[in-house]
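Me: Please take one part of what is shown here, the pairing of the strands, and examine it closely for a reader who is new to it. Please then follow the account outward to side-chain contacts and to the backbone.

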Amino acid sequence: IENGLARVLDCPDGLGGFSSNFCGGGILIRYSSSTVTVSNSILSGNSPAADPPNGHFASGGGIENFGALTVSNTTFSNNGANPGTGGGIANDGTLTVKGSSFSNNSAAEGGGAIAGIATILDSTFTSNSGSAGGALFTAHAIITNSSFSSNSGFTGGAIKTSGTLSVTGSTFSNNSASSSSGVGGAIDNGGTLTLSNSTLSNNSSGKNGGGINNTGTLVVVPAGSTTATFTISTFSANGAEAGGGINESGGSLMVVNSTLSGNSATLAGGGIANVLGTGTVTVANSTVAGNSAGETGGGLYTEGAAAITNSTFSGNSATPLSSGGGIALSGSFGAATVNNSIVANSTHGNCLGTAFSGSLNLSDDVSCPFIFSTTSSAAINLGPLAGNGGPTQTIALLAGSVAIDAGDDATCAAAPINNLDQ
């Protein structure tokens, strides 16, 4: 299909406001042997039958695909699968999307824009909605240089995944999982998610994980991880009840060479929350600054194990009744190993809890335990959060700071630091 609207490819009805008598409201690619390209086209206002025959699930408002489908430079708008999945595209075959836009598509069950396995490049997703994954509901996807804005879902305002998801060079803004129990304002991950060189800002959820809610394995790293193409990710101004930037619930979270700033939680973990006690969190070569919590753990709150290396926590805040503006450990289960790191300039205390271990750390108040050397904020001499030559904002050590050359060389040389600055 090229350069316009067409009615072909095993499709009982066609494009442009049709409601098919089967699935695939605009196009049905029925056979696994089919190879189809859709380019420079518009699919708008399509929907599958509300009650398809033979118990088939009503999916694929724009396209339902069982073959090999490539979509390029195509617009999907106002398509719907209600009830069903994949308001724009429901994929049961192979799908590659390039340079396309998806707006105002919806699916009652999930994947307002796309449901299914997909490779997505250079595409935009705006104001799509679905109960699971406002834009994308997937078990496996690779996303590169794409943007997701103002999408909404019950779980995963932009994306809900239960399998393997790789996101590179992409932006997520103003997405929401806004119901009172909604999780994952931008992404709800129940599988394995690798996020690199991406920005998540102003996303929100009613419950956990304003930016990302993680119950699986989440790695926020430079592209290429320890082989290191040093591009990093930013979480800013996201909000939730717990884990304004990221909420970790029983899975595994690694944040490397990244910045979390200005995120907020009404309860705990303005930057990061690690709840349920069984999850693990690693923060390395990262900046956690200006985050806030309505109760405790403005920068980080953990009920499980946390490891913090070569990182700076500055200007985070909690309430006076709970304290732990920088890092807060749950009294029963929380524990943190901290090395070569700074916690300073917090509101209502840098640290809360006793189960800390590690060495060569600095604090500008006495709330942190013996593994921290206590000195003045003036002696630590941190700059503001600013662009310091890297791809995200960081906090520089200003001239004369006691933190300069004060870390352990072996810790700096080991992975994931690899002798490189954020």
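Reply: Two strands are said to pair if DSSP finds at least two bridges between them. The strands themselves (E, at least two residues), like the helices (H or I, at least four residues), are DSSP runs numbered from the N terminus. The model is a predicted one, in which local features need pLDDT of at least 70 and side-chain atom pairs count only at pLDDT 80 or more, while totals for chains, interfaces and linings use all residues. Residue numbers start from 1 along each chain as its sequence is written, and side-chain values rest on heavy atoms, with hydrogens and water left out.

The account may begin with an open sheet of three strands, in which the order is S7-S11-S15 and the pairing is parallel. Strand S7 (80–81) and strand S15 (129–130) are its edges; each has a single partner strand, so one side of each has no neighbour in the sheet. Strand S11, which covers residues 106–107, joins S15 in the parallel sense over two bridges. One residue pair shows the register here: serine 106 has serine 129 in S15 as its bridge partner.

A second group of pairings centres on strand S9, residues 94–98. Strand S5 (residues 68–72) pairs with S9 in the parallel sense, and this pairing runs over five bridges. Within this pairing, leucine 69 has leucine 95 of S9 as its bridge partner. S9 also pairs with strand S13 (residues 118–121), again in the parallel sense, over three bridges. There, valine 97 is matched with isoleucine 120 of S13 as its bridge partner.

The side chains of S9 add a further detail. In a regular strand the side chains alternate between the two faces of the sheet. Along S9, Leu95 and Val97 point to one face and are buried, whereas Thr94, Thr96 and Lys98 point to the other face and are not buried. Here "buried" stands for under 20% relative accessible area and "exposed" for over 50%, with "partly exposed" in between (1.4 Å probe, protein chains only). Leu95 and Val97 thus appear twice in this account: they are the buried residues of the alternation, leucine 95 is the bridge partner of leucine 69, and valine 97 has isoleucine 120 as its bridge partner.

From strand pairing the account turns to contacts between charged side chains. A salt bridge is counted where a side-chain nitrogen of Lys or Arg lies within 4 Å of a carboxyl oxygen of Asp or Glu; by this rule there are two salt bridges. In one of them, the side chains of aspartate 188 and lysine 160 meet at 2.9 Å, N to O. Aspartate 188 belongs to strand S21 (residues 187–189) and lysine 160 to strand S18 (residues 159–168), so this contact ties together parts that are 28 residues apart in sequence. Aspartate 188 has a relative accessibility of 4% and counts as buried.

The other salt bridge brings together the side chains of lysine 207 and glutamate 241, at 3.1 Å, N to O. Lysine 207 sits in the loop between strand S24 (204–205) and strand S25 (212–214), and glutamate 241 in strand S28 (residues 239–242), so the parts tied together are 34 residues apart in sequence. Lysine 207 is partly exposed at 32% relative accessibility, and glutamate 241 is also partly exposed, with a relative accessible area of 22%.

The backbone deserves a separate look. Most residues other than glycine have a negative phi, and most peptide bonds are trans. The peptide bond from asparagine 82 to proline 83 is cis, its omega being near 5°. Proline 83 lies in the loop between S7 and strand S8 (89–91), and S7 is one of the edge strands described above. Another cis peptide bond links alanine 415 with proline 416, where omega is about 5°; proline 416 belongs to the segment after helix H2.

Two asparagines have a positive phi. For asparagine 174 the value is near 60°; this residue is placed in the loop between strand S19 (171–173) and strand S20 (176–177) and, at 44% relative accessibility, is partly exposed. For asparagine 285 phi is near 50°. Asparagine 285 occupies the loop between strand S34 (280–284) and strand S35 (287–289), and its relative accessible area of 3% makes it a buried residue.
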